[in-house]
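Subject: Structure for you to look at

Hello,

Please find the structure below, with its sequence. My notes on what was found in it follow.

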Amino acid sequence: MASPDTREHRALPEARGERLDAYLARAFPDLTRSRLQGLIADGHVLSDGKPGKAAQRLRGGELLSLHVPAPVAAIPQAEALPVSVLHEDRDLVFVDKAAGMVVHPGAGHASGTLVNALLHRVKDLAGVGGELRPGIVHRLDKDTTGCLVVAKHEQALVALQKAFKTREVQKTYLALVHGVPPAEGRIETLYGRHPIHRQKFTGKVKEGKPAITLFRVREAFDGAALVEVDLLTGRTHQIRVHLAEAGHPLLCDALYGAGRKAKGAVAEAQEALGRQALHAWRLAFEHPRTHKALDLEAPLPEDFTKALALLREANIPAGPPVKAKPAAKKPAAKATGRKR
């Protein structure tokens, strides 16, 4: 277990007027701002010997004392659950999340999560966020499969959070959707919770956070398509919402595509899937310590592969929509050779 850590720092004169938590986040970049706010709330940060407050304004020149307690055991228990590891080093672990597995414990899911599995599988976890637990950087929906990266220590967590926030991480998904979208497109909207159905999100809001989705049709079938999607932002349910509101909900998406009827091979593909047809196929970014390029792919799961095979077997892919050709020009009248 990691040892407690005590640090001291003299606030710079130019820090005058800054919030304590914001200043500490710059002074100690290996700790997240939320982690520092927790330490302040627990009385582990002193300003000139007195307990600090996150929102207090600095005068400049204060002696700031920071005590980081040794990590405590995580509340989630280690469980010997199957988990597929794509890559692991001393800083990170990449997993291929299975369908039906929740990422972390929460309401209704106290056990059986990816966090429970990682606590058993990964033995060299340092304290992340004050607990001996994996540092979950990003999440996937319960029924979405594929690439997910976890930080093993606080420094890696901070670096990865920054990379995701500044869009330095390339996130590519594969999805099976109803209908055949245009060959490629960009969906850019404001994004927020649905005003009526609070469990849903929508891109049809007047105020919200920006959300950007790029897509390309890889294969087109009769009534469905295989689409490659790049996320430039990472909003909750973003791909599902953007494609559904563009008229092409994911196969088997009970929340955003419940009204979409299927028949023939598409219905068979949905029966083979039984869950939303979304797979986090690829993650690519610079390693936070070595700065080498990391580019990992998660193979398509069996249910997705079977659904795709049913669509392929049913008909020859139609391909992306073909633009209408311009009308042929009428041939020019032949010259008669007569002079006027």
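On one side of helix 7, Glu302, Lys306 and Glu313 are exposed. This is a predicted model, and everything here was computed from it. Helix 7 runs over residues 302–314, which makes 13 residues. From its first C-alpha to its last the helix reaches 18 Å, close to the 18 Å expected at 1.5 Å a residue.

The other side of helix 7 holds its buried residues: Asp303, Phe304, Ala307, Leu308, Leu310 and Leu311. Viewed down the axis of helix 7, these residues fall within an arc of 155 degrees, so they line one face of the helix. The spacing has a general background: an α-helix has 3.6 residues a turn, so residues three or four places apart point the same way. What covers the buried residues of helix 7 includes strand 11 (170–178) and strand 15 (224–231). Helix 6 (264–273) and strand 16 (278–286) are also part of that cover.

Next, the backbone. Most residues other than glycine have a negative phi. Two residues to look at here are Arg167 and His237. Arg167 is not a glycine, yet has a positive phi of about 60 degrees. Arg167 sits in the loop between helix 4 (154–165) and strand 11, and is partly exposed, with a relative accessible area of 47%. His237 also has a positive phi, near 65 degrees. The place of His237 is the loop between strand 15 and helix 5 (238–245). Is His237 buried or exposed? His237 counts as buried, at 15% relative accessibility; the cut-off for buried is under 20%.

Now the salt bridges. How many does the structure hold? There are 20 salt bridges, and three pairs and one network are described here.

Arg7 pairs with Asp30, and their closest N and O atoms are 2.9 Å apart. Arg7 lies in strand 1 (residues 5–10) and Asp30 in the loop between helix 1 (20–27) and helix 2 (33–41), so this salt bridge ties together parts that are 23 residues apart in sequence. Both partners fall under the cut-off for buried: Arg7 has a relative accessibility of 19%, and Asp30 has a relative accessible area of 18%.

Glu88 and Arg121 meet through their side chains in a salt bridge of 3.1 Å, N to O. The pair links distant parts of the chain, with Glu88 in strand 6 (residues 84–88) and Arg121 in helix 3 (residues 114–121), 33 residues apart. Glu88 counts as partly exposed at 32% relative accessibility, and Arg121 is partly exposed with a relative accessible area of 35%.

In the third pair, the side chains of Asp253 and Arg240 form a salt bridge at 2.8 Å, N to O. Asp253 is in the loop between helix 5 and helix 6, whereas Arg240 is in helix 5; the two are 13 residues apart. Asp253 counts as buried at 2% relative accessibility, and Arg240 counts as buried at 6%.

Last, the network: Arg216, Arg218, Glu228 and Asp230 are linked by salt bridges.

Regards

Key: Residues numbered from 1 in each chain as written. Predicted model: local features only at pLDDT ≥ 70, side-chain atom pairs only at ≥ 80, totals over all residues. Heavy atoms only, no water. Helix = DSSP H or I, 4+ residues; strand = E, 2+ residues; numbered from the N terminus. Expected span 1.5 Å × (residues − 1). Buried < 20%, exposed > 50% of the residue type's maximum accessible area, 1.4 Å probe, protein only. Arc of directions from axis to C-beta. Contact = heavy atoms within 4.5 Å. Salt bridge = Lys/Arg side-chain N within 4 Å of Asp/Glu carboxyl O.
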